[in-house]
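Work through the three exercises below with the sequence and the model in view. Each solution goes step by step.

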Amino acid sequence: PSSGRIPRASKPQRGPLLRHPTPHATHTAIHHTTCSTMKRRREEESNNNNNNDEEIIIIKIGGSSITNKAVEETLNQDAINWFASLISGCVHTSFLHHTSASSSSSSDGDNIEEEEKTTSSDTQQEGSSSSSRKKKKPKIVVIHGAGSFGHHSAKRYGLQCGKQAVLSGGASPHPDSSSNLQMSKRYQMEALSKTRHSVQKLNAAMVQTLLDYGVNAVGISPGVSIPGMRAYGSSSSSSSSSGGAAAMDLLCESICQSLDAGLLPVIHGDACLLDDNDAGILGGDTLVEGLVGSSNNTKMKEHVRNVIFITDVAGVFSSDPKSNSNARLIRSLKVDMMTGEVAIDDNNSEEVGKMEIGGSSHAHDVTGGLKAKLGAAVTAVQCGKDVIIVQCCSTSAEKFVQGHDPSTVEEGTVITRKL
């Protein structure tokens, strides 16, 4: 896919408007319904709105999928367009612009007709049981990584998950003299502010493209915007490895408030305070883990159906597929609910063999790679959610987000509880 370099002083380039869609040529097109069909569906879903069957999907898309991670602050706009189009076609219609479906491409005509017939059929079955109605589309929470918008800056300043910034030349971040201490603090805050500013540019580009595709999206920056939020590895007594339970509860409240209003939240991995005088990284995978593990938020606890990680590879492999051509895709992993251990499903163990878990293969990654994803996956499964890891811009990713049965999807790794 093509990439475009964004000058620091310029606005992020925008994706195409919904009325002039340009879907990626190699991927399945995401159809859009007519305005009249959209109105009827909105009315049905509004009338049938029942908190007991409300479904939320958390989708975490990696920074390496939506940026060129090797080149600083460079978008992969094709991938962002694909993602926005997918979300537009799969999210509950209450999150779409009022006029987002007023115009569709002629190539979608058959799909529109089929959708209209389905809606008409559903309308005729109003007297039947709820199980016979068409399944409601879910609400969606999007979390994205930083990619080349943040990782390069963080690397320059030595920011990593669980570690504070280190002065150039390897000087101690906590020198003895007060003047050096002040210099260190200023260095830490410079690292935080520049890294955070960079990743917020990517967040703005993601939100803008979703808006262009007719989705009412809003950006949420978790770092210094949420009181008490701390970077991964904070030693603060009020924080845990997932950023602090109280702060995560506040973030959950902000997300749920957006969902209730019909706004799709787009959260990004962030640079934030590690301790009072230090800066650190709060990665997107850590945010996923914190959100699904938030015990005090009923909506997130009871209504999140599953977590989907969209990455730059087809799932979890027996070893790094970027460095080992013989690496085999693992289709199913099981989590021991007592110990949290992850094991290859017995049906795949002989074919795949042992699994090697390593960090990211990207030189500028500061967030932990596969280890961080599997850590978040274990927490999610232990909280009763199924987890899927699948490749960006793939038909398999589209099917998983659309809610297809995993057994019908060609690629991807499904992580569930061990029975």
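**Exercise 1.** Find the residue whose side chain meets that of Glu 410 in a salt bridge, and say which parts the pair ties together.

Step 1. A salt bridge here is a side-chain nitrogen of Lys or Arg within 4 Å of a carboxyl oxygen of Asp or Glu. Lys 399 is the partner of Glu 410, at 2.8 Å from N to O.

Step 2. Lys 399 lies in helix H12 and Glu 410 in the loop between H12 and E15, so the pair ties together parts 11 residues apart in sequence. Helices (H or I, at least four residues) and strands (E, at least two) are DSSP runs, numbered from the N terminus.

Step 3. Buried means under 20% relative accessible area, exposed over 50%, and partly exposed in between (1.4 Å probe, protein chains only). Lys 399 is buried at 18%, while Glu 410 is partly exposed at 46%.

The model is predicted: local features need pLDDT of at least 70, side-chain atom pairs count only at pLDDT 80 or more, and totals for chains, interfaces and linings use all residues. Residues are numbered from 1 along each chain as its sequence is written, and side-chain values use heavy atoms, leaving out hydrogens and water.

**Exercise 2.** Determine how many residues of helix H12 are buried and what covers them.

Step 1. H12 spans residues 395-402, and 6 of its 8 residues are buried. Among them are Ser 396, Glu 398 and Phe 400.

Step 2. The cover over these buried residues includes helix H3 (77-90) and the strands E2 (56-61), E9 (304-311), E14 (386-391) and E15 (413-417). Contact means heavy atoms within 4.5 Å.

Step 3. After H12 comes Gly 403, with a positive phi near 90°.

**Exercise 3.** Place E2, E9, E14 and E15 in their sheet and give the sense of each pairing.

Step 1. The open sheet has 9 strands in the order E5-E6-E4-E2-E9-E14-E15-E12-E13, with mixed pairing. Its edge strands, E5 (217-220) and E13 (342-344), each pair on one side only. Two strands pair if DSSP finds at least two bridges between them.

Step 2. E2 and E9 are parallel, with 6 bridges; Ile 56 has Val 304 of E9 as its bridge partner.

Step 3. E9 and E14 also run parallel, joined by 6 bridges, and Val 307 stands opposite Val 387 in E14.

Step 4. E14 and E15 run antiparallel, with 3 bridges. Here Ile 388 is opposite Val 414 in E15.
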